[in-house]
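Biologist: I'd like to learn how to read strands and helices in a model like this one. Could you walk me through it?

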Amino acid sequence: MTTYAIPNCPRRDYDAIRAINQSRLKSFKRSAAHFRYESTSPRKPPGKPMILGSLTEHMTLGTEFEYEAMRYPDFRTKESQAWRDDLAARGIPIVDEETADKARAMAARVMALPEFESWKPWRTNIALVGVHEPTGLAMKGLVDAAPDNHLVVLDLKTTADASEWGFGKSICDFGYDVQAYWYQSLWRQAYTEDRQFAFICVESEAPFEPSIQVITQEDIDRAGRAVDKWMAQYKACLATDIWPGYPGGLTYAKLPAWHFKDV
């Protein structure tokens, strides 16, 4: 399979690429049945936190985000309802003034980081397409931004806690280590160079503190082993069209190590 990259790739063109992405693959952490359900269900409209994140990313990095500013005080009139329903049918979110103000404040805090200007110029919305070598399955990803003169790939995350420990928990909760492995692998295939994957984090409540977080290569490699496991399961499910859920019978619940830290 050919590996390639498409800078400034519109989202609709990226979505049309026939390959699996890491956000969908992470459903295998629960079960193949969850993956199947997520893959075949209609896409849910973005909630307010996701809209805030996409708008902040757009204002900060210049990534693609199509939206409409709220133009009515509410949706009581037929005119306002028709406008809302037309946008919903086209998948275009509505941004209220409170969300826009918050996104501007968050973007300003990120852009004040000392590293921010040094990363420019950069490319945005880079679609990467490659292959998972152990299984031969096609994989894809959409990079937020990649500086021209620094060996780093940037991804902006809005978060409740941008501290090392707070965002570390988010990495575990949302599988950002898998994302880092996935994008590193795709970038290496498309550009034949290694880049560090860095998260620009910004808190979604005042004072909107930002930070820049990276994951150790040891942890990224560990995430890669999870990817290999899930991709093998995915390939087997494709071959048999059997998508199992949780194992039957009695199982032992797995308690986190921190539960016993004071014992």
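**A hairpin, its neighbour and two helix pairs**

Modeller: Let's start with a hairpin: S8 and S9 form one with 6 residues between them, and Phe208 in the turn has a positive phi of about 55 degrees. This is a predicted model, in which local features need pLDDT of at least 70, side-chain atom pairs count only at pLDDT 80 or more, and totals for chains, interfaces and linings use all residues. Residues are numbered from 1 along each chain as its sequence is written, and side-chain values use heavy atoms, leaving out hydrogens and water.

Biologist: What do labels such as S8 stand for?

Modeller: They are DSSP runs numbered from the N terminus: helices are H or I with at least four residues, strands are E with at least two. Two strands pair if DSSP finds at least two bridges between them.

Biologist: How many bridges join S8 to S9, and in which direction do the strands run?

Modeller: Strand S8 (residues 196-203) and strand S9 (residues 210-214) are antiparallel, joined by 5 bridges. Cys201 stands opposite Ser211 in S9, and Ile200 has Ile212 of S9 as its bridge partner.

Biologist: Which sense does the pairing of S7 and S8 have?

Modeller: Parallel: strand S7 (residues 152-159) pairs with S8 over 8 bridges. Asp155, for example, has Phe199 in S8 as its bridge partner.

Biologist: Is S8 mostly covered or mostly open?

Modeller: Buried means under 20% relative accessible area, exposed over 50%, and partly exposed in between, with a 1.4 Å probe and protein chains only. In S8, 7 of the 8 residues are buried.

Biologist: Now the helices. At what angle do H4 and H6 pack?

Modeller: Axes are lines fitted to C-alpha atoms, for helices over the stretch in contact, and angles between N-to-C directions run from 0 to 180 degrees. Helix H4 (residues 48-61) packs on helix H6 (residues 97-111) at about 45 degrees, with the axes 8 Å apart. Angles under 35 degrees count as roughly parallel, over 145 as roughly antiparallel, 65 to 115 as roughly perpendicular and the rest as oblique. H4 and H6 are therefore oblique to each other.

Biologist: And how do H9 and H10 cross?

Modeller: The axes of helix H9 (residues 176-191) and helix H10 (residues 217-240) come within 8 Å and cross at roughly 85 degrees. That makes H9 roughly perpendicular to H10. With contact meaning heavy atoms within 4.5 Å, the residues that meet include Tyr181 and Trp182 in H9 and Ile220 and Trp230 in H10.
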